[in-house]
Amino acid sequence: MTAAPAAEPTVPTPGVATEVGRLRTVMLHRPGNELRRLTPRNNDVLLFDGLPWVDRAQDEHDAFAAALRDHDVEVLYLSELLAQTLEVPEARATALDRTLTGIRLGDSLRAYLEGFLGDHDAAQLAEVLMAGLAVAEIGPTKSLVTALSGPEDFVIDPLPNLLFTRDSSVWVQDRPTVTSLAMPARRRETQLTDLIYTFHPRFAGRERLHGSDLEYLEGGDVLALADGVLAVGVGERTGPAGVERLARTVFERGLAHTVLAVPIDQDRATMHLDTICTMVDVDAVVMYPNVAHRLAAVAVRPGDGADLVISPTEPFVDAAAKAMGISELRVIDTGLDPITAEREQWDDGNNTLAIGPKLAVAYERNVETNERLELAGIEVIRIAGSELGSGRGGPRCMSCPISRDAL
Ligand SMILES: NC(=[NH2+])NCCC[C@H](N)C(=O)O
């Protein structure tokens, strides 16, 4: 008797309607050579609070990916998707054009780099686009720009924050949203996500929402509280105009019926909504206790034509419950004293990634927050983050869900 042929593994259909639907496919970025560019001179501008030990950060990240795979989540790597994308001639041409356009390089250096990068294969080009390029790594250029630069100056800037795949794109239902990143050090990340979603065979042909040239909107601010309900933080990164644009875009397409704009402090510690609040169950969030009582929201709903209906400010939990059609949005009481709460928030204790309802990945170092989550019935998968955390991002920041089951 001949054995039946092994079934082809099926590719989960892309689409994310909620924060907690069973996670099927996620995009991560394994920290790479872009992190080796960090120095005490540039780490602030590059948005890192320290200099991670890169090999250890990679080990920690591999353990994060393994924990997801152990729970049957398909892990895609941004670097691999990018290299595959750059095999497409039009993608390659677009990438070179976008990287080399601008007033910074000057004509001589631009012409030199066209030739230099022209000799790179897709994987090598992907590496340069992520890790950047320093003057010392190129040959003589006849360019005044390089003549007046030091060997360690960058002709293409590195992108150490690619690690936080949450921010440079976000899926709203079955569509990828290419965001618009506010900090100069991160602007170029969306060139890469835009290329992937435009040209990679797995995604090509899908409508992309928003775009890097539009109003500021970062994925870490966007939470899909329920099917049809988005909460969007407004603070250091996403501006009110970004939320307004997203609201119109999703209403026009019937992808959501309510968008809650949620003002957050314009601080590094609370740069995105997901640094203070993430969902751990269909009706429950873990929230930074020091702000929980004052978090407010403005509900935005579709009006006539392009008009929006904007409700008066309400407490966030009330506005959320109403929009979600539930009696109460439970805030898991972490019961922490203000100092422990502040320390664990800084270390991304509230930044959990739900694999499904009541099942979340969290940094192990936030001992007290994790204990309280477990007491509340949430299964916590702990991962190490001593090196990963120096860029101020936890499991949710480091992941871009591409496919989740409907609830
Ligand atoms: N979704 C998030 N909370 N992302 C964290 C991003 C951290 C990154 N270093 C930045 O400052 O932009």
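Confidence in this predicted model comes first: the protein chain averages a pLDDT of 95, with 98% of the residues scoring at least 70. On the global side, the scores are ipTM 0.98 and pTM 0.96. As a general caution, where pLDDT is low the predicted coordinates should not be read in detail.

The chain splits into domain 1 (23-78 + 160-404) and domain 2 (82-156). Taken over C-alpha atoms, the centres of domain 1 and domain 2 sit 31 Å apart. Twelve residues from domain 1 and 13 residues from domain 2 make up the contact. On the side of domain 1 that touches domain 2, helix α8 (residues 189-199) gives the most, with five residues. Sorted by class, that side of domain 1 has six nonpolar, four polar and two charged residues.

Gln-84 offers a local view of a long-range pairing. Its place is in helix α2 (residues 78-85). The C-alpha atoms of Gln-84 and Phe-199 are separated by 9.2 Å, although their positions lie 115 residues apart along the chain, counted as sequence separation. Gln-84 counts as partly exposed because it has 18 C-beta neighbours inside 10 Å.

Then there is the nonpolar interior. The largest nonpolar core has 110 residues, and Val-232, Val-259, Leu-260, Val-262 and Ala-320 are those with the most contacts inside it. Domain 1 (23-78 + 160-404) and domain 2 (82-156) both give residues to this core, so it lies between them. Leu-260 shows what such a position looks like up close: leaving out residues up to four places away in sequence, Leu-260 touches Ala-231, Val-232, Ala-297, Ala-299, Ala-319, Ala-320 and Ala-323.

Ala-299 turns up again in the surroundings of Ser-311, which is in contact with Val-298 and Ala-299 once its neighbours within four places in sequence are set aside. Ser-311 lies in the loop between β14 (308-310) and β15 (314-315). With 16 other C-beta atoms within 10 Å, Ser-311 is partly exposed. Ser-311 and Asp-213 are 98 residues apart along the chain, and their C-alpha atoms are separated by 28 Å.

Turning to the ligand, 16 residues are around it, and Leu-47, Gly-220, His-272, Gly-393 and Cys-397 come nearest. By class, the shell around the ligand divides into five nonpolar, six polar and five charged residues.

Two of those nearest residues, Gly-393 and Cys-397, also appear in the contacts of Phe-164. Not counting residues up to four places away in sequence, Phe-164 touches Gly-391, Gly-393, Cys-397 and Met-398. Phe-164 lies in the loop between β4 (154-156) and α7 (165-168). Despite the loop setting, Phe-164 is buried, because 26 other C-beta atoms lie within 10 Å and the cut-off for burial is 20 or more. Phe-164 and Pro-31 are 133 residues apart in sequence and 9.6 Å apart in space, C-alpha to C-alpha.

Gly-393 is also among the contacts of Asp-348, which touches Thr-275, Tyr-363, Gly-389, Gly-393 and Gly-394, again not counting residues up to four places away in sequence. The C-alpha atoms of Asp-348 and Gly-394 are separated by 5.2 Å, with the two residues 46 apart along the chain. Asp-348 is found in the loop between α12 (338-346) and β17 (353-356). Asp-348 is a buried charged residue, because 27 other C-beta atoms lie within 10 Å.

Finally, the backbone has a couple of points to check. Most residues other than glycine have a negative phi. Asp-72 has a phi near 60°, a positive value in a residue other than glycine. Asp-72 sits in the loop between α1 (54-70) and β2 (74-77), and Asp-72 is exposed because it has 10 other C-beta atoms within 10 Å, where 12 or fewer is the cut-off. Gln-173 likewise has a positive phi, near 55°. Gln-173 is found in the loop between β5 (169-172) and β6 (175-178). With 18 other C-beta atoms within 10 Å, Gln-173 is partly exposed.

Key. Residues numbered from 1 in each chain as written. Predicted model: local features only at pLDDT ≥ 70, side-chain atom pairs only at ≥ 80, totals over all residues. Near = placed C-beta within 6 Å. Core = buried A, V, L, I, M, F, W, Y, C linked by C-beta atoms within 7 Å. Domains from an automatic or database assignment. Contact = placed C-beta atoms within 7 Å. pLDDT = per-residue confidence, 0-100. Helix = DSSP H or I, 4+ residues; strand = E, 2+ residues; numbered from the N terminus.
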